[in-house]
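Colleague: I am new to this structure and would like a close look at one part of it. Please take me through the second largest pocket, then show me what else is worth finding in the chain.

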Amino acid sequence: PLSVPGRILATTLPFLGIGGVLGFGLLGLDETRARVAAKQRGRLPTKARNHVLVCGWNDKAIGIVYGLTSDDVPRKKKVVVVADIDNDMPLENHDFDPRYVSYQRGDSADHSVLARANIQYADAAVVVAGVKKREGRNVRSILSVMALKEAFAKANAHRDTDDGLFVAAELVYDENRALFHACGADAVITADLVANRMAAQCCLNLHIVDFILDALTYDNASELYSTRVKRIGRSSRGLRSWGRKLSSRQTAGDEVPALIGKTLPQVRSIFAEEGVNVVAAARSRRHAEVLIDDVFDDGQYIFPQDAEAASETLTDGHVLLFFADDHSDVHDAARRLEPQTVATIEAVSYTHLTL
């Protein structure tokens with residue numbers, strides 16, 4: 001440019017261009033930071049799927065989140081905490097993995113809050129007794145269980161789902177036990193009872209508590225696991241390709257998993273040779289209370305040494321409880337079985353450590 005205004009314009013244009021690019025970059029960075037802050041405050045809907053909802057907040061909730069997201073667990077789960085916590089960013093001070101743990105602010109009995117927590121694709125929910133729930137004699141926990149069941153059913157009315165949402169609830173006041181069962185809670189956990197029983201066992205049986213804690217802590221030793229009978233040989237960890245090989249018979253053209261129709265002693269013999277110790281089978285995964293004697297009186301579990309119950313055959317609804325080095329060991333053991341062997345197997349004698 002020959003004119004002074006032209007030279008000034010030619011000089012300033014590059015700086016304006018660079019400044020514009022930087023400005024747009026800063027705006028984008030600021031928007032990203034705002035979204036991260038809004039997510040930490042629980043203001044954004046979650047996109048998590050196959051996750052666990054932790055409804056409510058107390059000291060136990062921290063351990064629940066760690067227990068579901070630890071690198072040592074057999075199936076690491078995403079967790080969405082649904083609670084109205086006083087802190088602005090309540091999960092910020094905890095060393096949770098942000099890829100697996102998120103926060104949704106609000107009342108867990110509110111359907112709109114549960115919708116933002118993507119309850120439609122949730123696998124399970126745990127209702128813990130927070131401070132506000134305790135103030136109302138734990139009635140708000142009961143309302144949360146009802147809301148979880150109803151919201152999940154409505155959100156999946158158009159989908160073909162096997163079961164409703166599995167909901168476990170912490171029981172604080174014993175008079176609410178019947179109410180939890182009436183509203184559909186699948187597991188009622190009495191935390192004080194568990195602590196009391198373990199303290200008593202520690203005095204009566206030396207080192208039994210160490211054994212229980214080791215069985216429930218995932219490490220290199222054998223741990224206690226559970227899996228539904230119909231899932232063995234069906235899926236999990238790339239095992240779909242051999243699922244058909246585990247079919248022992250056909251009924252009306254439909255393949256039936258090899259373990260269906262077998263008794264628990266037979267199943268135990270099958271897996272004992274592969275180092276998997278089947279301890280018992282629950283008739284259903286629903287309505288189980290932790291360390292409550294009347295569960296056993298009602299016949300919730302089948303034990304191999306129970307001669308009367310040993311004749312009962314396994315069905316799709318049964319859940320196997322077993323000790324193994326890894327949760328997938330039961331699938332690996334089943335994969336090595338030949339279909340004809342499974343179809344004709346009989347109980348054999350063996351030496352194996354039993355609980």
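Modeller: Start with the pocket itself. In this predicted model, the second largest pocket has a volume of about 650 Å³. Its lining is made up of 26 residues. Closest to the centre are Lys39, Pro98, Val101, Ser102 and Tyr103. Three elements each give two or more residues to that lining: α1 (4-40), β2 (79-83) and β3 (101-105). Of the elements, α1 gives the most, with 5 residues. What is the make-up of the lining by class? It has 14 nonpolar residues, 6 polar ones and 6 charged ones.

Now step back to the whole chain. It holds 13 helices and 13 strands. Of its 355 residues, 40% are buried. Take the contacts with a separation of 6 or more: 68% of them join residues 24 or more positions apart. The chain exposes about 19900 Å², and carbon and sulfur atoms supply 55% of that area.

Next, the interior. In soluble globular proteins, nonpolar side chains tend to be buried together. The largest nonpolar core here has 26 residues. Leu53, Ile119, Val145, Leu148, Leu165 and Phe180 touch the most other members. The elements that give two or more residues to this core are β1 (51-55), β2, α3 (111-116), β4 (122-127), α5 (139-155) and β5 (166-170). The largest share, 6 residues, comes from α5. You have met β2 already, as one of the elements that line the pocket.

Look at Leu53 in more detail. Set aside its neighbours within four places in sequence. Leu53 is then in contact with Val80, Val82, Ala117, Ile119, Ala122, Ala124, Ala125, Val126 and Leu148. There is also a second, separate core, of 20 residues. Among its members are Ile232, Leu264, Ala333 and Ala334.

Leu264 leads to helix α9, where it is one of the buried residues. Helix α9 covers residues 264-272, and 8 of its 9 residues are buried, so the helix is largely enclosed by the rest of the structure. Besides Leu264, the buried residues are Gln266, Val267, Arg268, Ser269, Ile270, Phe271 and Ala272. Pro265 also lies in α9. Pro265 is partly exposed, because its relative accessible area is 23%, and buried means under 20%. Leaving aside neighbours within four places in sequence, Pro265 is in contact with Pro304 and Ala310. Pro265 and Val278 are 13 residues apart in sequence and 8.9 Å apart in space, C-alpha to C-alpha.

Finally, some loops. Most residues other than glycine have a negative phi. Asn138 has a positive phi of about 70°. Asn138 sits in the loop between α4 (131-135) and α5. Is Asn138 buried or exposed? Asn138 counts as buried, at 0% relative accessibility. His207 has a positive phi too, near 70°. His207 lies in the loop between α7 (191-204) and α8 (208-216). Unlike Asn138, which is buried, His207 is exposed, with a relative accessible area of 60%.

One more loop joins α5 to β5, and Ala157 is found there. Ala157 is exposed, since its relative accessible area is 66% and exposed means over 50%. Ala157 and Gln120 are 37 residues apart in sequence, yet 9.7 Å apart in space, C-alpha to C-alpha.

Note on methods: Residues numbered from 1 in each chain as written. Predicted model: local features only at pLDDT ≥ 70, side-chain atom pairs only at ≥ 80, totals over all residues. Heavy atoms only, no water. 1 Å grid on protein atoms, 1.4 Å probe; cavity = no way out; pocket = protein on both sides within 12 Å on 5 of 7 lines; lining within 4 Å. Points joined across faces, edges and corners; volume = space filled by probe spheres on them. Helix = DSSP H or I, 4+ residues; strand = E, 2+ residues; numbered from the N terminus. Nonpolar A, V, L, I, M, F, W, Y, C, P; charged D, E, K, R; others polar. Buried < 20%, exposed > 50% of the residue type's maximum accessible area, 1.4 Å probe, protein only. Core = buried A, V, L, I, M, F, W, Y, C linked by side-chain atoms within 4.5 Å. Contact = heavy atoms within 4.5 Å. Areas by Shrake-Rupley, 256 points an atom, 1.4 Å probe, with all protein chains shown as cover.
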